[in-house]
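Dear colleague,

I am handing over the structure that we spoke about, and I would ask you to keep it open beside this message while you read. What I found in it follows below, grouped by region.

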Amino acid sequence: MGKIIFFTGGSRSGKSQFAEEYIYENKYKNKIYFATAIAFDEEMKDRIRKHVQRRGDTWKTVEGYKNLISLVENHIDNTNVILFDCISNCVSNLMIMGREIDWDNITPNIVNQIEDEIEDEIIQFLAYIKGKNCDCVFVTNEVGSGLVPATPLGRHFTDICGRINQLVAKNSDEAYLAVSGIKVKIK
């Protein structure tokens with residue numbers, strides 16, 4: 001049965017690098033890097049390039065943020081571990097992509113519907129992984145330690161991502177917090 005390992009921390013805390021090191025230290029051989037970011041601009045392209053350089057070419061890369069099971073199901077039987085980087089990009093993309101929403105005037109019912117859809121996607125993926133002989137290392141931004149965002153979209157993202165982070169952490173077998181380049185085991 002697949003284990004769930006959870007890494008969280010602030011921006012530039014070292015969480016992705018710690019997640020990669022965890023995978024190397026545990027000597028996983030067949031690895032999938034599940035990339036959820038979209039390269040919208042030069043800054044994101046540079047971030048993605050640096051991640052690719054750091055991890056090298058021993059990984060199979062899968063890209064996407066929705067229909068998560070369908071993205072890995074053809075590869076998972078030959079895989080020992082998936083590095084899912086990251087939950088916060090996945091949540092952001094699921095909230096915004098393909099939707100024409102005025103986030104300044106959105107109703108609570110619509111926000112709740114969007115959150116329910118995202119939660120269902122993650123719950124299904126967690127159940128799928130737990131039923132396979134493949135571990136999954138999740139990376140996410142800790143969104144609850146900063147200021148309350150000034151915009152409605154920012155507040156909705158923080159709320160939804162925070163609850164999805166809680167869901168994955170609760171279902172994890174191990175959990176780690178990265179703080180200023182220091183890894184702390186929290187579960």
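**Two buried helix residues**

Serine 16 is found in helix H1, and please bear in mind throughout that this is a predicted model. With a relative accessible area of 11%, serine 16 falls under the 20% limit and therefore counts as buried. Leaving out residues up to four places away in sequence, serine 16 touches His51, Arg54, Asp85 and Val139. A comparable description can be given for asparagine 93, which lies in helix H4 and is buried, with a relative accessible area of 7%. Its contacts, once the neighbours within four places in sequence are set aside, are Thr36, Ile38 and Tyr65.

**Backbone points to look at**

Most residues other than glycine have a negative phi, and most peptide bonds are trans, which is the background for the next few places. The peptide bond that leads from aspartate 85 to cysteine 86 is cis, with omega near 10°, and cysteine 86 itself lies in the loop between strand E4 (81-85) and helix H4 (87-96).

Arginine 12, a residue other than glycine, has a positive phi, near 60°, and its place is in the loop between strand E1 (4-9) and helix H1 (15-25). Is arginine 12 buried or exposed? Its relative accessibility is 64%, so arginine 12 counts as exposed. Lysine 27 likewise is not a glycine and has a positive phi, of about 55°; lysine 27 lies in the loop between H1 and strand E2 (31-35). With a relative accessible area of 66%, which is over the 50% limit, lysine 27 is therefore exposed.

**Two helices, H5 and H6**

Helix H5, residues 108-130, has 23 residues and reaches 32 Å from its first C-alpha to its last, close to the 33 Å expected at 1.5 Å a residue. The buried residues of H5 include Val111, Ile114, Glu115, Ile118, Glu121, Ile122 and Phe125. When you look at how such positions are spaced, it helps to recall that an α-helix has 3.6 residues a turn, so residues three or four places apart point the same way.

How does the span of helix H6 compare with what its 19 residues should give, and what do its buried residues pack against? Helix H6, residues 152-170, should span 27 Å at 1.5 Å a residue, and its end C-alpha atoms are 27 Å apart, which agrees. Among the buried residues of H6 are Pro152, Gly154, His156, Thr158, Ile160 and Cys161, and the buried residues of H6 pack against E1, H4, H5 and strand E5 (135-141).

**Strands E1, E6 and E7**

E1 and strand E6 (residues 174-179) pair in the parallel sense over 5 bridges, with phenylalanine 6 standing opposite alanine 175 in E6. E6 is also joined to strand E7 (residues 182-185), by 4 bridges, and these two strands run antiparallel, with valine 179 opposite isoleucine 182 in E7. E6 and E7 form a hairpin with 2 residues between them, and in the turn serine 180 has a positive phi of about 50°.

**The largest pocket**

The largest pocket has a volume of about 870 Å³. It is lined by 35 residues, of which Arg12, Met44, Arg47, His51 and Asn89 are the closest to its centre. The elements that give two or more residues to this lining are H1, E2, helix H2 (42-55), strand E3 (59-63), H4 and E5, and H2 gives the most, with 9 residues. Sorted by class, the lining has 13 nonpolar, 12 polar and 10 charged residues.

Two of the residues closest to the pocket centre have already appeared above: Arg12, which has the positive phi and counts among those closest to the centre, and His51, which is touched by serine 16 and is listed there too.

With best regards

How values were computed: Residues are numbered from 1 along each chain as its sequence is written. This is a predicted model: local features need pLDDT of at least 70, side-chain atom pairs count only at pLDDT 80 or more; totals for chains, interfaces and linings use all residues. Side-chain values use heavy atoms; hydrogens and water are left out. The expected span of a helix is 1.5 Å times one less than its number of residues. Buried means under 20% relative accessible area, exposed over 50%, partly exposed in between (1.4 Å probe, protein chains only). Contact means heavy atoms within 4.5 Å. Two strands pair if DSSP finds at least two bridges between them. On a 1 Å grid over the protein atoms alone, a cavity is a set of points where a 1.4 Å probe fits but cannot get out, and a pocket is an open set with protein on both sides within 12 Å along at least five of seven lines; lining residues have an atom within 4 Å of a point. Grid points are joined across faces, edges and corners, and a volume is the space filled by probe spheres set on the points. Ala, Val, Leu, Ile, Met, Phe, Trp, Tyr, Cys and Pro count as nonpolar, Asp, Glu, Lys and Arg as charged, and the others, Gly among them, as polar.
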